[in-house]
Each structure stands twice: as structure tokens, then as C-alpha cells.
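Got your viewer open and a selection box ready? Let's take a walk through this model, one stop at a time.

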Amino acid sequence: MTKVEEKLAKSLTAESTELIPYLPYLLQDLWELGSSPKDIIDMIANHLQVSEKTKILDLACGKGAVSIQIAKAFGCKVKGIDIIKDFIDYANKKALEHGVEDLCQFQAGDINEEVAVEKGFDIVILGAVGDVLGNPLETISKLKNTVKSGGYIFIDDAYGNNGFNETYYLREEWISFFKKAKVKLLDEKFNIGEELKNNNYEQQLLIVKRAEELKDKYPDKVHLFDSYIKSQREECDELENDIKGVTMLLQRE
Ligand SMILES: C[S@@+](CC[C@H](N)C(=O)[O-])C[C@H]1O[C@@H](n2cnc3c(N)ncnc32)[C@H](O)[C@@H]1O
């Protein structure tokens with residue numbers, strides 16, 4: 001079991017790497033796997049000038065929900081990279097379905113390696129990926145190298161809440177990382193309230209249904225799928241009550 005696999009499992013709320021082969025099945029009814037494409041599109045429209053010449057990199061793009069909807073909204077080019085080949089296949093199908101196959105390029109790969117070679121983008125997005133690229137300072141430094149000077153970085157993560165959850169960095173800690181990494185915080189959009197609760201509830205139902213199917217098919221692995229249902233519920237509770245989901249827009253100085 002490698003660190004990459006451990007972090008991959010964690011990025012999709014799986015407690016064990018044993019669950020990795022089942023993730024495409026469990027998540028087959030979902031397109032959006034973390035970030036809100038609408039929030040990112042709104043932030044782009046409010047702050048940035050995007051044309052068909054703009055180049056965007058979507059790291060750990062999942063099934064391409066963010067990439068495809070951005071390409072459709074702005075007519076710009078988007079490259080998405082994800083380590084799960086099934087997600088990349090799904091993203092390619094969705095790009096065709098939405099008529100943006102010429103604007104979107106999807107590639108299977110480990111973003112730890114890709115950040116070292118992907119360069120010269122106008123905007124980079126890292127949506128709901130946790131610590132795959134390291135701590136916030138390491139993550140921001142790696143993302144900075146993929147964009148031009150003055151380029152933009154979107155990170156979808158969560159701010160911790162003093163006394164509630166010590167595993168997430170507090171907003172003031174993120175602010176000090178921005179200073180150290182020499183990036184400017186331009187905007188932040190919070191993922192809170194009724195919309196979050198409704199989305200979590202709907203996604204939860206779809207995931208539980210698929211987990212139940214897998215429990216019937218693989219009775220010796222019931223514990224594995226039950227623990228996935230449990231960790232999904234805990235993550236939803238955490239997001240709804242303890243921490244504050246946030247999409248940050250940063251600019252490289
Ligand atoms: C919670 S999902 C978010 C997906 C997408 N950004 C979105 O918001 O819809 C996390 C994604 O990170 C991907 N991932 C985890 N580790 C990775 C790695 N080392 N390289 C590439 N992708 C990775 C997973 O396959 C998964 O698609």
C-alpha cells in the first residue's frame with residue numbers, strides 16, 4: 001500500500017485502500033464529487049477575464065464536472081487529470097454529451113507527478129482533494145508552479161473551527177500560508193446552509209443504495225461497505241456542523 005493510495009482513499013472518504021477498486025461502482029450515480037462547479041463559475045465571472053484563449057488545469061478532476069461546466073460556460077480550454085481511469089472515461093463521455101470534447105482534454109495520472117511538468121496555465125483548480133499535494137503551504141507552492149506569473153489558483157477545502165475539529169487548519173492559519181507562499185486571497189465562497197444539507201442528503205442516498213448492492217454481492221466484505229457508509233455520514237456531519245467548506249480564489253504575485 002503506497003502513500004498515494006492512502007491519500008486517494010482519504011480524498012474520497014474511504015477509510016481503507018481496500019475500497020479503492022469499488023469506488024467507481026459506489027460513485028456511479030454522482031457526477032459532482034466535491035467542488036461546486038456553479039461557485040467556481042460565479043467566482044470566475046466576478047473576478048477574472050476569461051476568453052477562448054484561457055488555459056485551465058483541473059487537478060484531481062474526478063469525473064470532470066467542474067472542467068466541463070467551465071468549458072461550456074466560457075468556451076475556454078480545460079485540461080483535467082485524475083488518478084482513477086474510470087473517472088477519466090466518464091469525463092470524456094460527459095464532454096461529448098455536452099458538446100465540449102474539443103475544449104476538454106482528460107488524462108489519467110498522479111497529480112504529484114503532473115504538477116512538476118504541467119506549466120503555463122492561466123488558472124489551476126484543486127477541488128476537494130485534501131492533502132494529496134501535502135500541507136497547504138506545499139500545496140500552494142506546487143500549484144503556483146503550474147500557472148503563469150499573475151495566474152490564479154482555486155482551492156476547495158475547509159476551514160477548521162477552534163475547539164471542534166483540529167484536523168483542519170483555521171482560516172487565520174490559511175492566511176499565514178498565503179503570506180508565506182506569496183499569493184493574494186481575492187475571494188472565498190462558503191459551502192454552508194440548506195443547499196449543502198440537501199446535496200449531502202441526496203448524494204448519501206445514492207451511495208448507500210450502491211453500497212447495499214455491493215454488500216449483497218460480496219457478503220465477506222460487508223464491514224468494508226458499512227464502514228464507507230459510516231465515514232460518508234461522518235464527513236457530511238462534519239461539513240454541516242464542525243468545519244466550514246470553502247472555495248478560495250488566490251492570485252500568484
Ligand atoms: C473528492 S474527489 C473531487 C473530484 C473533483 N475535483 C470534484 O470536485 O468533482 C477527489 C478526487 O481526487 C482524486 N485523486 C486523489 N489522489 C489523486 C492523485 N494522486 N492524483 C490524481 N488524482 C487524485 C480522486 O480520484 C478523486 O477523483
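Here is a tour that starts at the ligand, moves through the core and ends at two exposed residues. Keep in mind that you're looking at a predicted model.

**Stop 1: the ligand**

Select the ligand and bring up what's around it. You should have 25 residues surrounding it, with G34, S35, A60, G62 and G127 being the closest. What classes of residue make up the shell around the ligand? There are 15 nonpolar residues, six polar ones and four charged ones.

Now color the helices. Three of them, α1 (3-11), α4 (65-74) and α6 (111-114), each give at least two residues to this shell. Helix α1 has the largest share, with four residues.

**Stop 2: the core**

Next, select L59, V124, I125, L126 and I153. The largest nonpolar core holds 55 residues, and these five touch the most other members. That fits a general pattern: in soluble globular proteins, nonpolar side chains tend to be buried together.

Zoom in on L126. Leaving aside residues up to four places away in sequence, L126 touches L59, A60, T139, L143, F154 and I155.

**Stop 3: helix α3**

Go to residues 37-47, which form helix α3. Which residues are buried here? Pick out D39, I40 and I44. Look down the axis of α3: its buried residues fall within an arc of 135 degrees, so they line one face of the helix. The spacing makes sense, because an α-helix has 3.6 residues a turn, so residues three or four places apart point the same way.

What do those buried residues of α3 pack against? Show α4, β4 (121-127), β5 (147-159), β6 (183-191) and β7 (244-252) to see their partners. Then spin the view round: the face of α3 turned away from its buried side carries A45 and N46, both exposed.

**Stop 4: strand β1**

Select residues 55-59 for strand β1, which is mostly covered, with four of its five residues buried. Add residues 77-82 and you have β2, a strand that runs parallel to β1 and is joined to it by five bridges. To line the two up, find K55 in your selection and look opposite it for K77 in β2.

**Stop 5: two unusual backbones**

Most residues other than glycine have a negative phi, and most peptide bonds are trans. Two alanines go against the phi part of that.

- A60, one of the residues closest to the ligand, sits in the loop between β1 and α4. Its phi is positive, about 60 degrees, though A60 is not a glycine. A60 is buried, with 26 other C-beta atoms within 10 Å.
- A128 is in the loop between β4 and α7 (136-144). Here too phi is positive, about 55 degrees, and A128 is not a glycine. A128 counts as buried, with 21 C-beta neighbours inside 10 Å.

**Stop 6: out in the open**

Select E166, in the loop between β5 and α8 (171-181). Is E166 buried or exposed? It's exposed, because just 10 other C-beta atoms lie within 10 Å, and the cut-off for exposed is 12 or fewer. Try a distance label from E166 to I243: these two are 77 residues apart along the chain, and their C-alpha atoms are separated by 9.7 Å.

Last, jump to Y201 in helix α9 (residues 193-217). Y201 is exposed as well, with 11 other C-beta atoms within 10 Å. Draw a line from Y201 back to L59: they're 142 residues apart in sequence and 26 Å apart in space, C-alpha to C-alpha.

Technical notes
Residues are numbered from 1 along each chain as its sequence is written. This is a predicted model: local features need pLDDT of at least 70, side-chain atom pairs count only at pLDDT 80 or more; totals for chains, interfaces and linings use all residues. A residue is near a molecule or strand if its C-beta atom, placed from the backbone, lies within 6 Å of it. Ala, Val, Leu, Ile, Met, Phe, Trp, Tyr, Cys and Pro count as nonpolar, Asp, Glu, Lys and Arg as charged, and the others, Gly among them, as polar. A nonpolar core is a set of buried Ala, Val, Leu, Ile, Met, Phe, Trp, Tyr and Cys residues joined through C-beta atoms within 7 Å. A residue is buried if 20 or more other C-beta atoms lie within 10 Å of its own, exposed if 12 or fewer, and partly exposed in between; C-beta atoms are placed from the backbone. Two residues are in contact if their C-beta atoms, placed from the backbone, lie within 7 Å. The arc is that of the directions from the helix axis to the C-beta atoms. Two strands pair if DSSP finds at least two bridges between them.
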